[in-house]
Amino acid sequence: MSETKFVNNDFSDVMFNRHSVRAFDPTVKIDRAEIETMLGEAAKAPSACNLQSWHFVVIDTPEAKEKFKKSVMKFNYPQVDSASAIVFIAGDTQSHLVYRDVWQAVYKAGNITKERLDQILGTFLPLYENATPEFLKFDATMDCSIVGSQLLLVARAHGYDANAFSGIDFEHMIPTLGLDPKRYVPIMGVAIGKAAQEPLHTTRYDVKTQTEFLN
Ligand SMILES: Cc1cc2nc3c(=O)[nH]c(=O)nc-3n(C[C@H](O)[C@H](O)[C@H](O)COP(=O)(O)O)c2cc1C
């Protein structure tokens, strides 16, 4: 359970009044401790086999923003320049290397039996150890998408607004962030701050046009 006393604990408002904000009050600083709290809350998101295949790089200084912007498309500069912080979410394609440790910890905490532990490791670990790079990238991308979505809502619960953006230079972002391109894949940035504009109120398709029931 989170210890956070949310500024906005109205789920309906957090979710339905979320809009992409692309202009923030540049004078607002968010403490790094609060950023870590928000990331911890976002990371309660589900992930495939609980591998949590995400890695966060926080950009919250003018120097870091300048470096980061080298691999950001120009149309996303306004939110990068004005945000209190940008969280760049990278996918970790080698998260399964510590899979054994993750489930050993659950076992040691007394939450699963030895048989269940062996079953989990025996069933899922080989899938990852024998997986293609494409599978590992796809798996990490799904985990990161979910954690990113949760971060957008967590930011609102903390009284901020946010914009997810993938308008970046996918080839160069990982080296720009100083991460290992053999291990990490770029997914998206999430710019967070105090809104300084009334966001565009987008609409959605009638979901019936995108839904069918399999008979
Ligand atoms: C994966 C993803 C990538 C996006 N990339 C950008 C982007 O590069 N720049 C931007 O301004 N908005 C970006 N957006 C925000 C979308 O434009 C926005 O979510 C959509 O228009 C719906 O509007 P809303 O967020 O206000 O509901 C992105 C959103 C997602 C989920």
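**Reading a predicted chain: helices, rings and loops**

Me: Are Y99 and W103 buried or exposed?
Reply: This is a predicted model, and W103 has a relative accessibility of 16% in it. Since buried means under 20%, W103 counts as buried because its 16% falls within that class. Taking Y99 and W103 together, both residues are buried.

Me: In which helix do both Y99 and W103 lie?
Reply: The two residues are four residues apart, about one turn of the helix that holds them. That helix covers residues 99-108, and its name is α5.

Me: How many degrees lie between the planes of Y99 and W103, which form an aromatic pair?
Reply: A search of the whole structure finds five aromatic pairs. In one of them, that of Y99 and W103, the rings are 6.4 Å apart, centre to centre. The pair is edge-to-face, and the angle between its planes is 70 degrees.

Me: Why is the pair of Y128 and F135 classed as it is, with ring centres 5.7 Å apart?
Reply: Rings pair if their centres lie within 6.5 Å, and those of Y128 and F135 have their centres 5.7 Å apart. Planes over 60 degrees apart count as edge-to-face. The planes of Y128 and F135 are at 65 degrees, so the class of this pair is edge-to-face.

Me: Which residues form one aromatic cluster with Y99 and W103?
Reply: One of the other members is Y128, which counts as buried because its relative accessibility is 5%. Another is F135, which counts as partly exposed because its relative accessibility is 33%. The residues that join Y99 and W103 in one aromatic cluster are therefore Y128 and F135.

Me: With which residues is W103 in contact, leaving aside its neighbours within four places in sequence?
Reply: W103 has its place in helix α5, and its C-alpha atom is 8.2 Å from that of I120, although the two residues are 17 residues apart along the chain. I120 is also among the contacts of W103. With the neighbours within four places in sequence left aside, the full list is C49, N50, I112, L117, I120 and L121.

Me: What is the phi of N50, which is not a glycine?
Reply: N50, one of the residues in contact with W103, is found in the loop between α2 (32-42) and β1 (54-59). At 32% relative accessibility, N50 counts as partly exposed. Most residues other than glycine have a negative phi. For N50, by contrast, phi is positive, at about 55 degrees.

Me: In the loop between which elements does Q52 lie?
Reply: Like N50, which is not a glycine and has a positive phi, Q52 is a residue other than glycine with a positive phi, in this case of about 50 degrees. Q52 counts as partly exposed, because its relative accessibility is 31%. The loop in which Q52 lies runs between α2 and β1.

Me: With which residues is L152 in contact, leaving aside its neighbours within four places in sequence?
Reply: L152 lies in helix α7, and it is buried, with a relative accessible area of 13%. A85, which is 67 residues from L152 in sequence, is 13 Å away in space, C-alpha to C-alpha. Once its neighbours within four places in sequence are left aside, the residues in contact with L152 are R18, A162, N163, A164 and V190.

Me: What distance separates the C-alpha atoms of S149 and A164?
Reply: S149 lies in helix α7, which covers residues 133-157, and at 41% relative accessibility S149 counts as partly exposed. A164, for its part, is one of the residues in contact with L152. S149 and A164 are 15 residues apart along the chain, and their C-alpha atoms are separated by 8.3 Å.

Me: How many helices and strands are there in the chain?
Reply: From the N terminus on, the elements run α-α-β-α-α-β-α-α-α-β-α-β. Reading along that order, the totals for the chain are eight helices and four strands.

Me: What radius of gyration does the chain have, with its 215 residues?
Reply: Taken along the principal axes, the C-alpha atoms fill a box of roughly 55 × 40 × 40 Å, and buried residues make up 40% of the 215 residues. Among contacts between residues at least 6 apart in sequence, 82% join residues at least 24 apart. A compact globule with 215 residues would have a radius of gyration near 17 Å, and the value for the chain, which agrees, is 19 Å.

Terms used:
Residues are numbered from 1 along each chain as its sequence is written. This is a predicted model: local features need pLDDT of at least 70, side-chain atom pairs count only at pLDDT 80 or more; totals for chains, interfaces and linings use all residues. Side-chain values use heavy atoms; hydrogens and water are left out. The radius of gyration is taken over C-alpha atoms; the globule rule is 2.2 Å times the number of residues to the power 0.38. Buried means under 20% relative accessible area, exposed over 50%, partly exposed in between (1.4 Å probe, protein chains only). Contact means heavy atoms within 4.5 Å. Rings of Phe, Tyr and Trp (its six-membered ring) pair if their centres lie within 6.5 Å; planes under 30 degrees apart count as stacked, over 60 as edge-to-face and the rest as tilted.
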